[in-house]
Structures are given as C-alpha cells and as structure tokens.
Amino acid sequence: MKNGNRGFERQPSFSDEQKPMPLGDKCNYLCPYFRCNKRALLIQVKYTKGNPYKVGYCRWVGDVCITGECQYAYCEKRALLPGNKCAFAINKKNERDNEIEKELQKEDYDDKMKEIISKKFGKKGLDVL
C-alpha cells in the first residue's frame, strides 16, 4: 500500500516561519537569520546567579560577538543595514509611529471642534463633547 504523501515530508506552513528578533532597532546574534561568513558564531549559555542567558561567542577572534559591526556578519533576509540596524525593526517602528500620528490628528480635530462650539456659545472652556 502506498503512502498518501509519496515519501515527501510535510511542507512548512506560514506559521512555522521564524520571526526576526532585533534588540530595539539593532541586529541581534540570536536572530534566526543572523549569520557569520566565517562560520565562527557559537552560542553559549552562561549563568548569572542561577539564571541562564545566551551569549554569542566568536571562535575566530576568541571574544564576544559584536553582531552587525563585524565585517563578516550578514542577514539571510538582507535586513542588516549599516550602523548595525535591522530593517525589520525600522519597519515595525514606522508602523507604530503612523498609528500614533493618526491618533494625535484625531485628538487635534476634537480640540478644534470644542473651540468652535465654545466660541459659538460664547463661553470659554465649555465642555459640550
């Protein structure tokens, strides 16, 4: 009896795709898309007061990884920008800024309406709305 998938493994769905992990707007060596051209990146687990944390270690230099400032660092998604910036973080930041600007413009509109209505009634500081 033949297998229904004919020997092919399950294809990864969109939900299985890894997400970038920038630190603020900077590139992060723990990001799944960050790569070292020298293949020298080693992720070590260190402990401080019993709490584990991951540290990127460069085997080529023998010191802590300096992420996007290294000349051998690159991003699989081509999101590493000059100055150790991540293009994914900048896009997310711009989206949030646009939402905030829209809310501020809406509030400005409400303030203008209040001013017009208070002038019509002749009383300053009248809260009608």
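This is a short talk through the fold, the spaces and a few single residues of one protein chain.

Okay, hi everyone. Before anything else, keep in mind that we're looking at a predicted model.

Let's get our bearings. The protein chain has one helix and seven strands. If you walk along the sequence, the order reads β-β-β-β-β-β-β-α, so to speak. The chain has 129 residues, and 19% of them are buried. As for contacts, take the ones between residues at least 6 apart in sequence: 38% of those join residues at least 24 apart.

Now for the aromatics. How many aromatic pairs does a search of the whole structure find? It finds one. The partners are Trp60 and Tyr72, and they meet edge-to-face, with 5.1 Å from centre to centre and 85° between the planes. Where do they sit? Trp60 is in the loop between strand S3, residues 51-58, and strand S4, residues 63-64. Tyr72 is in the loop between S4 and strand S5, which covers 73-75. The two are twelve residues apart in sequence, so this pair ties together parts of the chain that are separated by that stretch.

How open are these two rings to the outside? Trp60 comes out at 51% relative accessibility, and the cut-off for exposed is over 50%, so Trp60 counts as exposed. Tyr72 has 21%, which puts Tyr72 in the partly exposed class. Tyr72 has another neighbour too: Lys38 lies over the face of its ring, 4.8 Å from the ring centre.

On to the empty spaces, starting with the closed kind. The structure holds one cavity of 30 Å³ or more. The volume of the largest cavity is about 70 Å³. Which residues lie nearest its centre? Those are Cys27, Asn28, Cys31, Cys75 and Cys86, out of 14 lining residues. Sorted by class, that lining has twelve nonpolar residues, one polar and one charged.

Then we have the open kind. The largest pocket has about 200 Å³ of space. Its lining is made of 16 residues, and the ones nearest the centre are Cys58, Val61, Cys65, Ile66 and Cys70. Strand S1, residues 34-36, supplies at least two lining residues here, and S4 also supplies at least two. By class we get 13 nonpolar residues, one polar and two charged.

The second largest pocket has a volume of about 160 Å³. I can give you the full lining for this one: Tyr29, Cys31, Pro32, Phe34, Arg35, Cys36, Asn37, Arg39, Leu41 and Tyr74. Which strand gives the most to that lining? That would be S1, with three residues. Seven of the lining residues are nonpolar, one is polar and two are charged. If you have the model open, look for Cys31, which lines this pocket and is also among the residues nearest the centre of the largest cavity.

Next, a couple of backbone oddities. Arg78 has a positive phi of about 55°, although it is not a glycine. You'll find Arg78 in the loop between S5 and strand S6, residues 80-81. At 76% relative accessibility, Arg78 counts as exposed.

The other one is Asn84, again a residue other than glycine with a positive phi, this time near 60°. Asn84 belongs to the loop between S6 and strand S7, residues 85-86. Is Asn84 buried or exposed? With 9% relative accessibility, Asn84 counts as buried.

Last stop, Ile43. This residue is in strand S2, which runs over residues 41-48. Its relative accessibility is 37%, so Ile43 counts as partly exposed. Ile43 and Val55 are twelve residues apart in sequence, and their C-alpha atoms are 5.6 Å apart in space. What does Ile43 contact, leaving aside neighbours within four places in sequence? The list is Tyr29, Leu30, Lys54, Val55 and Gly56. Tyr29 should ring a bell, as it was in the lining of the second largest pocket.

That's my tour, thanks for listening.

Notes
Residues numbered from 1 in each chain as written. Predicted model: local features only at pLDDT ≥ 70, side-chain atom pairs only at ≥ 80, totals over all residues. Heavy atoms only, no water. Phe/Tyr/Trp six-rings, centres within 6.5 Å; stacked < 30°, edge-to-face > 60°. Helix = DSSP H or I, 4+ residues; strand = E, 2+ residues; numbered from the N terminus. Buried < 20%, exposed > 50% of the residue type's maximum accessible area, 1.4 Å probe, protein only. Lys NZ or Arg CZ within 6 Å of the ring centre and 35° of its normal. 1 Å grid on protein atoms, 1.4 Å probe; cavity = no way out; pocket = protein on both sides within 12 Å on 5 of 7 lines; lining within 4 Å. Points joined across faces, edges and corners; volume = space filled by probe spheres on them. Nonpolar A, V, L, I, M, F, W, Y, C, P; charged D, E, K, R; others polar. Contact = heavy atoms within 4.5 Å.
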